Amino acid sequence: TKPFQPDEVIARVDTHLTIYRLKRKVQEKRDELEHELQVVAKEQRNLLPKQLPQIEGLELAVYYETSRYAGGDYYDIVQLPDNLWGFLVADAEGHSAPAAVRMAMTCALFRSFEGPREDPGKVIDYLNTHLCEVVDPSFITAIYGVYDANRRILKVARAGHPHPMIYRASDASAVWHECDGVAPLGILPYAGVPVTDIQLERGDLWILYTDGVTELFSAENEIYGEERLLKLIGKSKPDGAHRMVKEIVDDLERFASGRLADDDQAIMVGQIE
């Protein structure tokens, strides 16, 4: 009953209808993108080992979680001659789809390598050489270890990746085992890749992980850090690789106090039986 201008009313209704249509289109595109990311995440997980191998004298456990649908963390396990086993853990720069693509490229190169996989230095050099050829300068860290189940020796080559952590059962201590290394993969060719031998004994435990574990932030914006992880391993007196992984993940969740992780997380643990 109020006086009104018909043209103004029509213009306002048209504006609201336009806004409604645009919101629907945005939501449809968002749903499509979410579906695509879910597909990428599923395909990415299909690149990981379907199940862990049974290795005589070694209990093996892993944990893998992306900060978003898809991520750049990657791990793989290969059986080698003479009771040797190869373990790769890698971390591609960034998150979501771009990191997932780099992760898939690393996976493809690692599995296509036809040289001596029992030589960690040659595997890392091969990955770097080919990544330098197919991608712009990138930042993919990696650590590749070859475990000799007969002699209980872990040979490690490292490319910009966090050093492995070792639990020594003889004195119930955990150490950040320093290994010589090279720059991350995909930047520049290497002149050589050093390899470090780690002698292990019954009850010892090794941990390979990505920096998303130690760089986790709490609700108070505190960082988890290497020292906290070392203390956890040292005081836990590890009773199996699966139990150790569970203790680490539980501690990460307590520390984060509900805050979502900013980076992907991958953990691989092996304990000598």
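Buried means under 20% relative accessible area, exposed over 50%, and partly exposed in between, with a 1.4 Å probe and protein chains only. The model is predicted, so local features need pLDDT of at least 70 and side-chain atom pairs pLDDT 80 or more, while totals for chains, interfaces and linings use all residues. Residues are numbered from 1 along each chain as its sequence is written, and side-chain values use heavy atoms, without hydrogens and water.

**Exercise 1. Work out whether Gln271 is buried or exposed, and what its side chain reaches.**

Step 1: find the residue. Gln271 is found in strand 11; strands here are DSSP runs of E with at least two residues, helices are runs of H or I with at least four, and both are numbered from the N terminus.

Step 2: apply the cut-off. Gln271 counts as buried because its relative accessibility is 8%.

Step 3: look for a polar contact, a pair of N or O atoms within 3.5 Å; within protein, one must be able to donate a hydrogen and the other to accept it, and residues adjacent in sequence count only if both atoms are side-chain atoms. The Gln271 side chain reaches the backbone nitrogen of Gly240 at 2.6 Å.

Step 4: list neighbours, taking contact as heavy atoms within 4.5 Å. Leaving out residues up to four places away in sequence, Gln271 touches several residues, including Gly57, Leu58, Asp204, Leu205 and Gly240.

**Exercise 2. Lay out the five-stranded open sheet and find its edges.**

Step 1: write the order. The five strands run 1-11-10-6-7 with antiparallel pairing, where two strands pair if DSSP finds at least two bridges between them.

Step 2: pick the edges. Strand 1 (58–65) and strand 7 (173–176) each have a single partner strand, so one side of each has no neighbour in the sheet.

Step 3: check the twist. On average, neighbouring strands of this sheet are turned by 15° against each other, direction ignored. Axes are lines fitted to C-alpha atoms, for helices over the stretch in contact, and angles run from 0 to 180 degrees between N-to-C directions.

Step 4: zoom in on one pair. Strand 6 (residues 165–168) and strand 10 (residues 205–209) are joined in the antiparallel sense by three bridges, and Ile166 has Trp206 in strand 10 as its bridge partner.

Step 5: add the helix. Helix 6 (residues 241–256) packs on the sheet, where it touches strand 1, strand 10 and strand 11 (265–272), and its direction makes about 25° with that of strand 1.

**Exercise 3. Find salt bridges within helices, and a network of them.**

Step 1: set the rule. A salt bridge is a side-chain nitrogen of Lys or Arg within 4 Å of a carboxyl oxygen of Asp or Glu. By this rule the count is ten.

Step 2: take helix 1. Glu8 and Arg12 form a salt bridge, with their closest N and O atoms 2.8 Å apart. Both lie in helix 1, four residues apart, about one turn of the helix. Glu8 is partly exposed at 39%, whereas Arg12 is exposed at 54%.

Step 3: recall the geometry. An α-helix has 3.6 residues a turn, so residues three or four places apart point the same way.

Step 4: turn to helix 6. Asp250 and Lys246 are bridged at 2.7 Å between the closest N and O atoms, and these two also lie four residues apart in helix 6. Asp250 is partly exposed, at 24%.

Step 5: find the network. Salt bridges link Arg228, Asp251 and Arg254.
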